Amino acid sequence: MIHRHAVALTLCSALCLAAFAACGGDSSDGAAPPAAQAGAAGASAGGAGGASGAAGDAGEGGGPTCTPGVLKGPWSLRAGSTEATVRWQTCVPGATAVAFSVEGGADAKTVDATSTMYTTKYRYPSVLTDAPADEPGDYHLYEATLSGLAPSTCYTYSVAGEAGRKGRFCTARKAGEKLTFLAIGDTNPALGTTDATLSFTLPKRPDFTLHGGDIQYYSGLETWAYWFPKMQPLLAAGAFFPAVGNHESEKPDEYEQYFWRYFGDAGFDGKSGYFTFENAGLHFFSVNTQEPFGAAGEQGKWLIEKLEAASKAPGFRGSIVLQHRPFFTCGDSDHHPDEQAELEPSFKAFGVRVVLQAHMHGYERFEKEGILYITTGGGGGAIGTIDDDLARPECALRKASGAFPHSILLDADGATLTGTVIDNKGATRDTFTTTLK
Ligand SMILES: [Fe+2]
C-alpha cells in the first residue's frame, strides 16, 4: 500500500522532510537517493570504516579516520531462561570477549565472542544535521553467546577492555513471576522527543524492550551512526526484541547490512524477521508486517501453530503479538482489518491478550473480543494525525487515543497485565488492564 504521504514527500522541500518522513509512510522503494549514489561512487570501498573525507563526518560509524574501539553498542538480544546474546561493532578488530556478572555481584566471568567482517558499499549521510554519516568500508560485528545463566536473574556486562561499553539484561522469569517490560515504536531520536520519553520509563528498570519497528529514520534526519549512541541508554537497559518496520529498508542494502546485522535473530523459533520468546509464562510473537501476515501465508501459519503450542505450554499466562503495521488504526496510516479478521479466531482460541502495533505516530487503544490492540507509535517520530480515518469501522472500537510521544510500561502481576502509557513529560496518559491465566 502506498502511503499518501509518500507521494507528498516527493514534492516536499528538504526542510519539511522530517515532518513527513517520520509519519510512518512507506519509504521502502528500494531506490538509493542521489546523495547516497554519489557518495558510493566516490567512496573508498576498502578503507576501514570508510574514508569519505567529508568535513564534519568524524564520529562513530566511520568518518575521515576509523578509530579503534567499539563504535556501536553493546546491546543484548535473545534473552531466554539461561542464555542471552551480546553484540557490538567496530571498524578495526577489537576486543573479543564480554565480561559479565550477576547484577550487583562482584565475580565476573568472561566469554569469547565471534566476529564477522563485512563491507558496506554506500555512504549514507544525514540530510540536515551534523549527524555522522554511515560510511562505506569494512566493519566487524561481534557476537557473544552467554549460556548456563540462572533464570529470573539480571546480569550486567561490558566489552572486555572497555568498561564503559556496558549493559544489562535479565534472563526470562519463571512462569507466574512478576515481570515488567517496555514497549515503544517508531524511534527517531534526531527529532528530539525520544530521550525525554525514555527518561521516564527506563528508570523503572524493565527487563526488556519490545520495539514495534521503524527503529532508525534516514528520512528523519539521522543515521545508524547517530542512532546508536543516542539510543544506548535503551540498549543498555535490557534485551532488545524488535519487529520489522518499513523504515528498516529505506536504503537498498539497509535491511541486510544494518538492521539484520544489528538486530536479526533477536528471538527464537522463527525466521526472516519473525520470532517468538517466552518470559514469566507470557509468550511473545514478533510478526514481520513487511511480509504477508494473513492466516493463509507462511508466516500466518507459523504464528497460528506457535500460538496453539504456547497455549498448551506449562505455566501459560497469555500471548502478546508485536508488529509494525497496525491491524486497526484511525490515524494517518495503513490498516489491516482483513488480516485481523483472519487471525482473530486463533487469537481468541489460543489466549492472545494484547497486540502491540506501531507505524501510526500516536497512541490508540482498541478492544475487540476481549483482545487489546494498542498503537504505540510515539517513540520519537513526528506525531501524526491520529484521527485522519475516523470513518474506518474499527474506530467504533477505539477506547482511547492521543497525539503525543510516549512509551508503555507493562507489568504482569498474578492474573493481571497492566499497561501504563507515559508521555515525554512524564504524564500518565492512559492505563489499561487485561487478564492473564
Ligand atoms: Fe512505519
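In which order do the four strands of the open sheet with antiparallel pairing stand? The order is E1-E2-E6-E5.

This is a predicted model, in which local features need pLDDT of at least 70 and side-chain atom pairs count only at pLDDT 80 or more, while totals for chains, interfaces and linings use all residues. Residues are numbered from 1 along each chain as its sequence is written.

The protein has eight helices and 22 strands; these are DSSP runs numbered from the N terminus, helices (H or I) having at least four residues and strands (E) at least two.

In the open sheet, E1 and E5 are the edge strands, each with a single partner strand, so one side of each has no neighbour in the sheet. Two strands pair if DSSP finds at least two bridges between them. Strands E5 and E6 run antiparallel and are joined by seven bridges, and Met-117 has His-140 in E6 as its bridge partner.

| Strand | Residues |
|---|---|
| E1 | 70-77 |
| E5 | 114-120 |
| E6 | 137-146 |

Of the 437 residues, 55% are buried (20 or more other C-beta atoms within 10 Å of the residue's own, with C-beta atoms placed from the backbone). The largest nonpolar core, a set of buried Ala, Val, Leu, Ile, Met, Phe, Trp, Tyr and Cys residues joined through C-beta atoms within 7 Å, has 101 residues. Helix H5 (residues 224-237) gives this core its largest share, 10 residues.

Leu-322 and Val-355 have the most contacts inside the core, a contact being two C-beta atoms within 7 Å. Beyond its neighbours within four places in sequence, Val-355 is in contact with Val-321, Phe-327, Ile-371, Tyr-373 and Ile-374.

How values were computed:
Buried ≥ 20, exposed ≤ 12 C-beta atoms within 10 Å, placed from the backbone.
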